[in-house]
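Biologist: I would like to learn how to read a protein model step by step, beginning with its empty spaces and then turning to its helices and loops. Could you take me through one?

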Amino acid sequence: MDPIKTEDGYISGKVRGEPGKEVHIYRGIPYAAPPVGDLRWKPPQPTASWSGIRECTRYSVQPAQFPDVNVPEEAQKIPSSEDCLYLNILTPAKKPTDKLPVMVWFHGGGLRYGNGNWGLYNSHELSRHGVVLVTVNGRLGVLGLLAHPLLSQESPKGVSGNYLFLDLIAALKWVKKNISAFGGDPDNVTIFGESGGGTKVISLMASPLAKGLFHRAICQSGGSTVRPLSLKEMEKFGEKLFAKLGVSKEPDPLAETRALSWEKIIEVDQALNVEMGEQFVFMGPWNIAVDGWFMPDTPANIFKTGNQNAVPLITLANLGELTGPGYVVAPQLIPGYVNLLSGENEAKVKGYAGIFDQVPGNWRQEGGVSAHAMEMHFVFGVVDKAEPWYSLHFLYSRGGAKSPAPLITDAERKVSEAMMAMWTNFAKTGDPSVEGLVAWPAWEQATDQYLYIAEPLQVKSGFSFIAQNQ
């Protein structure tokens, strides 16, 4: 297929996979201009075109962020940059006219950490089930969510903050314009994400600015507990940050702050969060600004009235993160998901509830539970790869896993194949049921059914009551 023509210029990539099952891989494709200098804390702008063929065989640098002390030490040393508006594409298409379903992945990390370049997300195993996979990077933390009265004043919309989400919208617009060249169908796009990525999914479902840019959605372990602040509240934090930076009394505080290094801004942001008892720490869903433009109301209220972008939705939680123990224990996911699924019913589209609980046998024997993030190994078909288990062991050890590595059996491989089949069939048709594998019923309040995802797969009732007493 190379070279591929995008609206900005030609690109080339590389090929992976067995003969006859090749997947074409493109890394570090720019979808918007670097948000640096005067573009810091502004909506994403169009990228510059290029001549010749741009070699897209290496990942971009990860988005600027404070080192995550939870991950292995070597992972904390990954180079970071504000120049981060890039995406990666894996496609099994043989020709541009194949029109395969497109799945766009939003990474987790509480809106503060992470990147879309991780090998777990970019394995070609999911793509071999007949989908084009796109993984996205965008601004994070204070660089992606800061609001301030001066930023709102300079905005034609009179708002600030939410740049992180505007980046994702820009990426989806890029996909709509360009994905057909990669054999993808721009009229069949599924957005999916885990943890903070789930928050991104639900936020875009709630935003009128994202209308028409995707056609299905999957929320894994996030999003249902979105607790945004008002724009005024977010602006007050911005004023505190500017004061801490020492720029508030300068003739042009915005120019002064945009001249600072991102490292300095994040360093001061961290100190301020500690000083304020982390009340406003940029780690999760409570830092979306209800600005009347990107987010007209809280996502919970938008779904309650059925006014979200009405597309089929899968909600998934891991049983262990509902019941504990774990680094993340969030039984409140379930009532949040019930609100989302009720909103789907209100909007006359189908929603599906799932609970994941496939724990490698040795960890289960040690008292380990299906902890936060565990399902991702199965969704991306990487259960046999050691590195992702190692990188996320800080989560699984908090969930009771004592051994340093899981012992993977055919049960885990079978569940992984089932999840990839269900996720990709949902992307193709809007229904995760797979003939000969499972009939996954849509959620309704009267039946309250969900799919229990373990070996064997089981349809159960009582989704609303899971972890009710936790």
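Biologist: Let us begin with a pocket, then: how much space lies in the second largest pocket?

Modeller: Please keep in mind that this is a predicted model. Rolling a probe the size of a water molecule over the atoms shows where empty space is left. In this case about 360 Å³ of space lies in the second largest pocket. Its lining is made up of 17 residues, and those nearest the centre are Pro 44, Leu 166, Ile 169, Ala 170 and Lys 173. Sorted by class, that lining has 11 nonpolar, two polar and four charged residues.

Biologist: And how many cavities of 30 Å³ or more does a search of the whole structure find?

Modeller: A cavity is a space where the probe fits but cannot get out, and the search finds two of them at 30 Å³ or more. The largest cavity holds about 70 Å³ of space. It is lined by 11 residues, and Arg 112, Gly 141, Val 142, Ile 266 and Asp 269 are the closest to its centre. Two elements, H1 and H7, each give two or more residues to this lining, and H7 gives the most, with three. By class, the lining of the largest cavity divides into six nonpolar, three polar and two charged residues.

Biologist: Which residues line the second largest cavity?

Modeller: The second largest cavity has a volume of about 40 Å³, and its lining consists of His 107, Val 136, Asn 137, Gly 138, Arg 139, Leu 140, Leu 164, Leu 168 and Lys 200. Four of these lining residues are nonpolar, three are polar and two are charged.

Biologist: Since H7 came up at the largest cavity, how should I read a helix, and which residues of H7 are buried?

Modeller: An α-helix has 3.6 residues a turn, so residues three or four places apart point the same way. In H7 the buried residues are Trp 262, Ile 265, Ile 266, Val 268, Asp 269, Gln 270, Leu 272 and Asn 273. Among the elements that cover them are strand E7 (80-81), helix H1 (141-145), helix H5 (231-245) and helix H6 (253-259). The length can be checked as well: H7 has 14 residues (262-275), which at 1.5 Å a residue should span 20 Å, and because its end C-alpha atoms are 20 Å apart, the two values agree.

Biologist: Where else could I practise this check, and how far does helix H15 reach from its first C-alpha to its last?

Modeller: Helix H15 (residues 410-429), with 20 residues, reaches 28 Å, close to the 28 Å expected at 1.5 Å a residue. The buried residues of H15 include Val 415, Met 419, Met 422, Trp 423 and Phe 426. Just after H15 comes Gly 430, which has a positive phi near 85°.

Biologist: Which residues other than glycine have a positive phi, for instance in the loop between strand E9 (100-106) and strand E10 (132-136)?

Modeller: In that loop you will find Leu 111, whose phi is positive, near 65°. With a relative accessibility of 1%, Leu 111 counts as buried, because the cut-off for buried is under 20%. Ala 373 is another example, with a positive phi of about 85°, and it sits in the loop between helix H11 (361-365) and helix H12 (375-379). At 3% relative accessibility, Ala 373 also counts as buried.

Biologist: Is Phe 294, in the loop between strand E14 (289-290) and helix H8 (299-304), buried or exposed?

Modeller: Phe 294 is buried, for its relative accessible area is 0%. Apart from neighbours within four places in sequence, the residues in contact with Phe 294 include Phe 165, Leu 166, Ile 169, Leu 204, Pro 208 and Ile 288.

Biologist: Which kind of peptide bond joins Asp 2 and Pro 3?

Modeller: That bond is cis, with omega about -5°, and Pro 3 belongs to the segment before strand E1 (4-6). The bond from Gly 324 to Pro 325 is also cis, with omega near -5°, and Pro 325 lies in the loop between helix H9 (319-323) and helix H10 (333-346).

Biologist: To finish with the whole chain, how many helices and strands does its secondary structure come to?

Modeller: The chain has 15 helices and 18 strands, and of its 470 residues 61% count as buried. A compact globule with 470 residues would have a radius of gyration near 23 Å, and the 21 Å of this chain agrees with that.

Key. Residues are numbered from 1 along each chain as its sequence is written. This is a predicted model: local features need pLDDT of at least 70, side-chain atom pairs count only at pLDDT 80 or more; totals for chains, interfaces and linings use all residues. Side-chain values use heavy atoms; hydrogens and water are left out. Helices (H or I, at least four residues) and strands (E, at least two) are DSSP runs, numbered from the N terminus. The expected span of a helix is 1.5 Å times one less than its number of residues. Buried means under 20% relative accessible area, exposed over 50%, partly exposed in between (1.4 Å probe, protein chains only). Contact means heavy atoms within 4.5 Å. On a 1 Å grid over the protein atoms alone, a cavity is a set of points where a 1.4 Å probe fits but cannot get out, and a pocket is an open set with protein on both sides within 12 Å along at least five of seven lines; lining residues have an atom within 4 Å of a point. Grid points are joined across faces, edges and corners, and a volume is the space filled by probe spheres set on the points. Ala, Val, Leu, Ile, Met, Phe, Trp, Tyr, Cys and Pro count as nonpolar, Asp, Glu, Lys and Arg as charged, and the others, Gly among them, as polar. The radius of gyration is taken over C-alpha atoms; the globule rule is 2.2 Å times the number of residues to the power 0.38.
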